[in-house]
Amino acid sequence: MPCATCGRPQTDPVKGSSPWARGVVGGRQILLCAQCQESDPDWVGRLDRCPQCGSTRLSVVMGSAVCRACGFDWPVEDLER
Ligand SMILES: [Zn+2]
Ligand SMILES: [Zn+2]
């Protein structure tokens with residue numbers, strides 16, 4: 001999955017954790033590269049949030065968003081269709 005903002009392809013770090021950020025926007029999983037996170041510090045504010053705990057640590061699986069913080073899940077619309 002490329003960067004949602006600049007389209008740069010994701011690169012795997014040689015070691016350590018990836019600088020790429022994951023999030024969900026409009027019910028779709030996105031990735032943001034380190035450069036775009038830096039040039040747009042407000043990117044976190046555009047992410048979808050868990051309706052239960054407000055966390056942005058979400059995953060989208062089979063049409064549902066799942067909060068990785070509290071485990072709450074809810075249906076999301078697939079805007080690709
Ligand atoms: Zn980028
Ligand atoms: Zn939650």
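## Two zinc sites, a hairpin sheet and two cores

Reader: Which geometry does the site of the zinc ion (ligand 2) have?
Author: In this predicted model, the zinc ion (ligand 2) has 4 donor atoms, and the angles among them run from 105 to 116 degrees. Four donors count as tetrahedral if all angles lie between 85 and 135 degrees. The ideal angle for four donors of this kind is 109.5 degrees. The site of the zinc ion (ligand 2) is therefore classed as tetrahedral.

Reader: Thanks! Which residues are the protein donors of that zinc ion (ligand 2)?
Author: Each donor atom is an SG, lying 2.3 Å from the zinc ion (ligand 2). Along the sequence, the donor residues follow the pattern C-x2-C-x13-C-x2-C. The residues that fit are C50, C53, C67 and C70.

Reader: Does C70 count as buried, partly exposed or exposed?
Author: A fellow donor makes a good starting point: C67 has a relative accessible area of 2% and is buried. For C70 the value is 33%. Buried means under 20% and exposed means over 50%, so C70 counts as partly exposed.

Reader: What spacing do the donors of the zinc ion (ligand 1) follow along the chain?
Author: The protein donors here are C3, C6, C33 and C36, each through SG and 2.3 Å from the zinc ion (ligand 1). This site is tetrahedral too, with angles of 105 to 114 degrees among its 4 donor atoms. Read along the chain, the donors give C-x2-C-x26-C-x2-C.

Reader: What is the relative accessibility of C33?
Author: Take C36 beforehand: with a relative accessible area of 9%, C36 is buried. C33 also counts as buried, because its relative accessibility falls under 20%. For C33 the value is 1%.

Reader: Which strand gives the most to the largest nonpolar core?
Author: The largest nonpolar core has 10 residues, including the zinc donors C3, C33 and C36, along with W20, A21, I30, L31, L32, W43 and L47. Nonpolar side chains tend to be buried together in soluble globular proteins. The strand that gives the most, with 3 residues, spans residues 28-32 and is β2.

Reader: How many residues does the other core have?
Author: Among the residues of the largest core is W20, which touches M1, P2, C3, R8, P9, Q10, T11, L31, L32, C33 and Q37 when residues up to four places away in sequence are not counted. Apart from that core lies another, with C50, L58, W74 and V76 among its members. Its number of residues is 7.

Reader: Which strands stand at the edges of the sheet?
Author: The open sheet has 3 strands in the order β3-β4-β5, with antiparallel pairing. The strands at the edges each have a single partner strand, so one side of each is left without a neighbour in the sheet. They are β3 and β5.

Reader: Which residue in β5 is the bridge partner of A65?
Author: β4 and β5 (residues 73-75) pair in the antiparallel sense over 3 bridges. They form a hairpin with 5 residues between them, and G71 in the turn has a positive phi of about 90 degrees. V66 stands opposite D73, while A65 has as its bridge partner W74.

Reader: Along β4, which residues point to one face and are buried?
Author: In a regular strand the side chains alternate between the two faces of the sheet. β4 shows such alternation, with S64 and V66 pointing to the face where they are not buried. On the other face, the buried residues are A65 and C67.

Reader: What is the positive phi of M62, which is not a glycine?
Author: M62 sits in the loop between β3 and β4 (64-67), and at 82% relative accessibility it counts as exposed. The two strands run antiparallel, joined by 4 bridges, with L58 and C67 as bridge partners. They form a hairpin with 2 residues between them, and in its turn M62 has a phi of about 50 degrees.

Reader: How many Å apart in space are S55 and P19, C-alpha to C-alpha?
Author: S55 lies in the loop between α1 (34-39) and β3 (58-61), and it is buried, with a relative accessible area of 13%. Leaving aside neighbours within four places in sequence, its contacts are D48, R49, C50, C67 and A69. S55 and P19 are 36 residues apart in sequence, and in space their C-alpha separation is 19 Å.

Terms used. Residues are numbered from 1 along each chain as its sequence is written. Chains are lettered from A and ligands numbered from 1 in the order in which they are written. This is a predicted model: local features need pLDDT of at least 70, side-chain atom pairs count only at pLDDT 80 or more; totals for chains, interfaces and linings use all residues. Side-chain values use heavy atoms; hydrogens and water are left out. Donors are N, O and S atoms within 2.8 Å of the metal (3.2 Å for Na, K and Ca); water is not among the atoms, so sites may look incomplete. Four donors count as tetrahedral if all angles lie between 85 and 135 degrees; four count as square planar and six as octahedral if opposite donors are over 155 degrees apart and all others between 65 and 115; anything else is irregular. Buried means under 20% relative accessible area, exposed over 50%, partly exposed in between (1.4 Å probe, protein chains only). Contact means heavy atoms within 4.5 Å. Two strands pair if DSSP finds at least two bridges between them. A nonpolar core is a set of buried Ala, Val, Leu, Ile, Met, Phe, Trp, Tyr and Cys residues joined through side-chain atoms within 4.5 Å.
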